[in-house]
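Please open the structure in your viewer, with the sequence panel beside it, and keep the selection tool at hand. This tour goes stop by stop, and at each one you will be told what to select and what to look for.

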Amino acid sequence: MSDLILQNVRKTFGSFVAVEGLDLQFGHGELTALLGPSGCGKTTLLRMIAGLEAPTKGRILFENEDITSKGAERRNFGMVFQSFALFPHMNVAENIAYSLTLKGVPRAEREARAKELLELVQLGHLGTRRIGELSGGQRQRVAIARALAQEPGVFLLDEPMSALDAQLRGDMQMELRMLQQKLGITTIVVTHDQREAMTMADKIVVMSSGRVEQIGTPQEIYHEPANAFVASFIGSANLLKGTFSDGAVKIGALRFEVPAEMRAAENAPVTLFCRPEKVRLGPESSGDNVIAADVKFVRDLGPVREIHLVTEHGPVAVEAGDMEGIPLKAGDRVNAHLPKAALRLLPGDAA
Ligand code: ATP
């Protein structure tokens, strides 16, 4: 069931197209991440959903009502911004109760609700603190509680973790996801961080240049990317250009067998895709699905080693668990085996 539906929503600024005509549906109680590089239009899209920006074209429906021309204040959507935008002259509890004050909710009820929300975001003991006396993570919790106070129909977050350091960001991603699942609230998060999207989302919308490149679960997006852009935006990707011929991919004199369902027209240009953790290294040999390579750099990260290879047909990255510890150093000659089952074909020669 979809609470929120976008129909052919487009936004232009003068002659610049920030968001192309997009059709999107946001499932009830789901968390959707809008993911893409800087400038791809994700904030503009979120602002149109919030009612802070009017679409140039198209319709936005919420619970079967057309809300396209309804103002932000009448949509009752909760928002958390990158900066948190808290009120420094109010204490924590007053910040949280702010929207209730505006609505004229009686004081006792406001205080009870603020207390409940403080507990929910684990700040029960900090209600009387000033905003300036809080850490970044605590401020973020206040911003979340404040947005939830009004019991929003949809919860919208724009880069909610970007002001936090890496460790705290990781913790808050899990915390926010658990809270969202507990409340069952339809949520949209804008991020340019693929790890954040993978951690939190039921569904990821990958965007570039105002367009949707792919919509899918984190697993679908990671394992079955629709094109080279998605493949390399989500994690690292090996992309090799070739042509489809006789049921396999030819790259120069090399031949790569691919799963039977991966097919293209005879002699069509294709891009062969393989995740680094699927590549296997071994001594020199010949045969299908093998490419000779020189080791350029070995990065030992503890639990995994990243091995950067140079081949006649471009770079190949390998990620090996430490159990596969063949000693390797720059300058070694190896063979990279790209297993048939791990290969995917992406359209064209975009790599
Ligand atoms: P970021 O991650 O950097 O915030 P984004 O994907 O959220 O990027 P948007 O902020 O939606 O991108 O911007 C999309 C494009 O629209 C950008 O090229 C931006 O410069 C442009 N844009 C956004 N708002 C306006 C505006 N009010 N007037 C003109 N151009 C704008």
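Two strands are said to pair if DSSP finds at least two bridges between them, and the strands and helices themselves are DSSP runs numbered from the N terminus, with helices being H or I runs of at least four residues and strands being E runs of at least two. What you have open is a predicted model, in which local features need pLDDT of at least 70 and side-chain atom pairs count only at pLDDT 80 or more, while totals for chains, interfaces and linings use all residues. Residues are numbered from 1 along each chain as its sequence is written.

**The whole protein**

Begin with everything shown as a cartoon, where the secondary structure comes to nine helices and 20 strands. The C-alpha trace spans about 80 × 45 × 35 Å along its principal axes. Buried residues make up 36% of the 351 residues; a residue is called buried if 20 or more other C-beta atoms, placed from the backbone, lie within 10 Å of its own, exposed if 12 or fewer do, and partly exposed in between.

**The five-stranded sheet**

Select residues 290–300 and 304–311, which are strands β16 and β17, and you will see two strands that run antiparallel and are joined by seven bridges. Within this pair, D300 of β16 stands opposite R305 in β17. Now widen the selection to the open sheet of five strands, whose order is β15-β19-β16-β17-β18 and whose pairing is antiparallel. Its edge strands, each pairing on one side only, are β15 (280–282) and β18 (314–321). The twist averages 45° from one strand to the next, where axes are lines fitted to C-alpha atoms, for helices over the stretch in contact, and angles run from 0 to 180 degrees between N-to-C directions.

**The six-stranded sheet**

Move next to the open sheet of six strands, which has mixed pairing and the order β6-β7-β8-β3-β9-β10. The edge strands here are β6 and β10 (211–216), each of which pairs on one side only, and the twist averages 15° from one strand to the next.

Select β7, residues 154–158: is this strand mostly covered or mostly open? The strand is mostly covered, since five of its five residues are buried. In a regular strand the side chains alternate between the two faces of the sheet. Colour V154, L156 and D158 on one side and F155 and L157 on the other, and you will have marked two faces that are both covered.

Add the neighbours of β7, beginning with β6 (residues 78–80), which pairs with β7 in the parallel sense over three bridges; there G78 stands opposite F155. Strand β8 (residues 186–191) also pairs with β7 in the parallel sense, over five bridges, and there F155 stands opposite T187. Include helix α6 (residues 166–183) as well, because β7, α6 and β8 make a right-handed β-α-β unit, where right-handed means that, with the strands pointing away from the viewer, the path from the first strand over the helix to the second runs clockwise.

At the β10 edge, select β9 (residues 203–208), which pairs with β10 in the antiparallel sense over five bridges, and find M207, whose bridge partner in β10 is V212.

**Helices α3 and α5**

Helix α5 lies across β6 and β7 and runs at about 165° to β6. Then select α3, residues 92–102, in which V92, A93, N95, I96, A97, S99 and L100 are buried. An α-helix has 3.6 residues a turn, so residues three or four places apart point the same way. The buried residues of α3 pack against α4 (107–120) and α5 (136–149), contact here meaning C-beta atoms, placed from the backbone, within 7 Å.

**G21 and the ligand**

Select G21, which is found in strand β2 and counts as partly exposed because it has 17 C-beta neighbours inside 10 Å. Leaving out residues up to four places away in sequence, G21 touches N8, V9, R10, K57 and G58. 

Finally, select the ligand, where a residue counts as near if its C-beta atom, placed from the backbone, lies within 6 Å. Which residues surround the ligand? They are F13, F16, A18, G36, S38, G39, C40, G41, K42, T43, T44 and H192. The elements that give two or more residues to this shell are β2 (16–27) and α1 (42–50), and α1 gives the most, with three residues.

Definitions and conventions: Two residues are in contact if their C-beta atoms, placed from the backbone, lie within 7 Å.
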